[in-house]
Amino acid sequence: RFQQVQSMMCDLMEWRSQLLSGTLPKDELKELKQKVTSKIDYGNKVLELDLIVRDEDGNILDPDKTSVISLFHAHEEATNKITERIKEEMSKDQPDYASYSRMSSSPTHSLYVFVRNFVCRIGEDAELFMSLYDPQKSTIISENYLVRWGSRGFPKEIDMLNNLKVVFTDLGNKDLSRDKIYLVCQIVRVGRMDLRDSNSKKYTQGLRRPFGVAGTCCL
């Protein structure tokens, strides 16, 4: 039981770091909150503590504002979910060695990126959006890091020259266990509708148009 609770506590600490990072999209944040509450309820059952009933969003139901029948149905539904979870855990034949690896390493990791130069013939200003991407699930797993690049081949903020650095934080063991993680750079051109426009009276300034994308495997 101690090893079982130890493994659950490691998961909860890792998920807590992700929640506090403030970098998760709204849908992933909701999914992670549900995983946390489910793990807490399961741990309470293992430790023979009181069962907490919650709503669909994982919030604890207020007995003063919820009818007795609704509380009964919520309690019954929570009990069934936890019972199914216990059966799944008991059906596993192999021992869980993942908890030992999590305890021997840091619960969170970071990726440091230093942008030294950007070489691409655009002819106008550009915006570079850098993020981490999981190709297997076809989803971005981090916030975007924005770099504004000038048409002359230098950053728009000249004081940022040789100082374009970013740290992608709160990468958990789940992220490190992914098959691959790519660092993707999306390039957006900012300027005229058409680069061939030469008469300043005919074209519009400040239009943002996709220009290109690049990627490299980083993990």
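The paragraphs below go through this predicted model from its overall make-up to a few single residues.

The protein has 5 helices and 7 strands. Read from the N terminus, the order of the elements is α-α-α-α-β-β-β-β-β-α-β-β. Of its 219 residues, 30% count as buried. Among contacts in the protein with a separation of 6 or more, 63% are made by residues 24 or more positions apart.

Strand β2, residues 125–134, is a useful place to begin. Of the 10 residues in β2, 8 are buried, so the strand is largely enclosed by the rest of the structure. Strand β2 pairs with strand β6, residues 182–191, through 9 bridges, and the two run antiparallel. Within that pairing, L132 of β2 faces L183 in β6. Strand β4, residues 145–149, also pairs with β2 in the antiparallel sense, here over 5 bridges. In this case M130 is the residue that stands opposite Y145 in β4.

A further partner of β2 is strand β3, residues 139–140, joined to β2 in the antiparallel sense by 2 bridges. Y133 has I140 in β3 as its bridge partner. Strands β2 and β3 form a hairpin with 4 residues between the strands. One residue to look at here is S138, found in the loop between β2 and β3. Most residues other than glycine have a negative phi. S138 is not a glycine, yet its phi is positive, at about 55°. Is S138 buried or exposed? The relative accessible area of S138 is 52%, and exposed means over 50%, so S138 counts as exposed.

The next topic is the nonpolar interior. The largest nonpolar core has 21 residues, and those with the most contacts inside it are L128, M130, L132, Y145 and F168. The elements that contribute two or more residues to this core are β1 (109–115), β2, β4, β5 (164–171) and β6. Y145 can serve as an example of the surroundings of one core residue. Leaving aside residues up to four places away in sequence, Y145 touches V115, L128, F129, M130, L164, K165, V166 and F168. K165, one of these neighbours of Y145, also lies over the face of F114, at 5.3 Å from the ring centre.

How many aromatic pairs does a search of the whole structure find? The search finds 1. This pair consists of F118 and W149, arranged edge-to-face, with 5.8 Å from centre to centre and 75° between the planes. The angle of 75° makes the pair edge-to-face because planes over 60 degrees apart are counted that way. The pair links distant parts of the chain, with F118 in the loop between β1 and β2 and W149 in strand β4, 31 residues apart. F118 has a relative accessible area of 13% and is therefore buried. W149, at 4% relative accessibility, is buried as well. Both verdicts follow because buried means under 20% relative accessible area.

The last stop is in a helix. D11 lies in helix α1, which covers residues 2–21. With a relative accessibility of 13%, D11 counts as buried. The side chain of D11 has a polar contact of 3.5 Å with the side chain of K39.

Terms used:
Residues numbered from 1 in each chain as written. Predicted model: local features only at pLDDT ≥ 70, side-chain atom pairs only at ≥ 80, totals over all residues. Heavy atoms only, no water. Buried < 20%, exposed > 50% of the residue type's maximum accessible area, 1.4 Å probe, protein only. Pairing = 2+ DSSP bridges. Polar contact = N/O pair within 3.5 Å; in protein donor to acceptor, adjacent residues only side chain to side chain. Core = buried A, V, L, I, M, F, W, Y, C linked by side-chain atoms within 4.5 Å. Contact = heavy atoms within 4.5 Å. Phe/Tyr/Trp six-rings, centres within 6.5 Å; stacked < 30°, edge-to-face > 60°. Lys NZ or Arg CZ within 6 Å of the ring centre and 35° of its normal.
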